[in-house]
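Welcome! Open your viewer, get ready to select residues by number, and follow along one stop at a time.

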Amino acid sequence: MTVRVGVIGAGWIGREHIRRLTDVVTGAEVTAVTDIDAARAEEAAATAGARVYATGAELVAADEVDAVLVTSWGPTHAEHVLSAIAAGKPVFCEKPLATTAEDCLRIVEAETAHGSRLVQVGFMRRYDRGYRQMKEVIAAGRIGEPLVVHCAHRNPTVPESYTSDMAALDTAVHEIDVLRWLLDDEIVSAQVVTPRATSKRFAHLKDPQIMLFETARGVRIDLEVFVNCQYGYDIQCEAVGEEGLVRLPDPASVGLRTAGQHSTTVLTDWVGRFADAFDTEFREWIARLAAGEAPTGPSAWDGYAATVITAATVEALESGHVIPTALKPRPAFYGGAG
Ligand code: NAD
Ligand code: ISE
């Protein structure tokens, strides 16, 4: 069966996912597109031979839409996800699931009332080969009990519109999700300390930031978020356990020896770094739906947890205090005992 997808939001990542669903993933067809910018919707729809709809609600209701992809601005996500759930249609929502914990919980309640999973959140790192290998190693007990995790998330530069809270809301959110999954553990508190700021930033921005998280089992995570590091897009993760250590591999790159030097390339953006992860994420999502099965990727509960933990991290940055994450207990529907 071909899964007919309607896309809400034809901006940067919406167009990228339309291309992916059209040219890379088999078993999917983009049949509908909407954007509040009509010209943008027309242009994106034309690349896939899709029809343009005036609103998200009309797109969700359309007979030619089996599943919905939400790639609009974060504050609009909840409305579109709730409307897809009300129509009983599977919905893939780019991060964040919603910008407030309250909206995330409304989604969780609506999905629970529906009775089976419809929602998947776009945390693509869970589909990255290196993180998957790390998870296998940790789950098999090969480093013993994890104790400490060291991470870095570095972007070469960010635009002036990037504010200090976005280091958690937009950037660290990926580590927050992938570490909960990697460790099969919950983050219970957040703290942020700020070292000397780089001069290569817009004056309003606190950069870099060191985020410190603690999990329910007492694992300590340190995460350096440095979004003006200049030299490249660099993602590092190293988990230290009682019996060993496992490290995220750098992306494969030829080793170049010339003029008395040995070098490898550092990528410059997340698009290239996680291209394969995005492809796998959508292949697996479409394969589940095509088989008539519920999605198994990051859930609405994971989206809720990420929103609560990023909010606590922003509060920690602004207050200078250690902030408990105060997550509600995970319902049985999402695996219980969170
Ligand atoms: P963007 O601004 O380029 O595109 C968003 C589009 O949504 C715009 O064209 C806008 O007109 C449209 N839009 C806004 N509200 C709408 C509504 N109610 N109905 C229809 N269209 C609407 O932004 P982007 O960079 O493509 O990001 C979109 C989302 O994807 C964000 O939530 C962002 O956090 C997420 N994102 C995720 C990753 C990732 O690594 N997983 C990377 C980048 C962006
Ligand atoms: C961006 O929104 C992303 O999602 C990228 O994956 C991340 O690396 C970047 O820092 C964010 O701004």
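Helices here are DSSP runs of H or I with at least four residues, strands are runs of E with at least two, and both are numbered from the N terminus. Keep in mind as you go that this is a predicted model.

**Stop 1: two unusual peptide bonds**

Most peptide bonds are trans. Now select K95 and P96: a cis peptide bond joins them, with omega at about -5°. To place P96, look in the loop that runs between β5 (91-93) and α5 (101-114).

Next, select D207 and P208, which are also linked by a cis peptide bond; omega is about 5°. P208 sits in the loop between β8 (187-193) and β9 (209-215).

**Stop 2: positive phi angles**

Most residues other than glycine have a negative phi. Go to Q230, which is not a glycine, yet has a positive phi of about 75°. You will find Q230 in the loop between β10 (220-226) and β11 (234-241). With 41% relative accessibility, Q230 is partly exposed.

Then move to A326, another residue other than glycine with a positive phi, near 50°. A326 is in the segment after β15 (323-324). Is A326 buried or exposed? A326 is exposed, and its relative accessible area is 64%.

**Stop 3: the cysteines**

How many disulfides does the structure hold? Zero. A disulfide needs two cysteine sulfur atoms within 2.5 Å. Select C104 and C93: the sulfur of C104 has its closest cysteine sulfur in C93, but at 9.0 Å that is too far for a bond. C104 is buried, at 0% relative accessible area.

Now try C229. The cysteine sulfur closest to its own is in C151, 16 Å away, which is too far for a bond. C229 is buried as well, with 8% relative accessibility.

**Stop 4: around ligand 2**

Finally, select ligand 2 and show what surrounds it: K95, M124, H153, N155, D170, T171, H174, Y233 and W270. K95 may look familiar, as it is joined to P96 by the cis bond of the first stop. These surrounding residues divide into three nonpolar, four polar and two charged. Helix α7 (residues 166-183) supplies the largest share, three residues.

Zoom in on the oxygen atoms of ligand 2. A polar side-chain atom of Y233 lies 2.7 Å from one of ligand 2's oxygen atoms. For H174, a polar side-chain atom is 2.8 Å from an oxygen atom of ligand 2, and for K95 that distance is 3.1 Å. Taken alone, ligand 2 exposes 300 Å², and the protein buries 87% of that.

Terms used: Residues numbered from 1 in each chain as written. Chains lettered and ligands numbered in written order. Predicted model: local features only at pLDDT ≥ 70, side-chain atom pairs only at ≥ 80, totals over all residues. Heavy atoms only, no water. Buried < 20%, exposed > 50% of the residue type's maximum accessible area, 1.4 Å probe, protein only. Near = heavy atom within 4 Å. Polar contact = N/O pair within 3.5 Å; in protein donor to acceptor, adjacent residues only side chain to side chain. Areas by Shrake-Rupley, 256 points an atom, 1.4 Å probe, with all protein chains shown as cover. Nonpolar A, V, L, I, M, F, W, Y, C, P; charged D, E, K, R; others polar.
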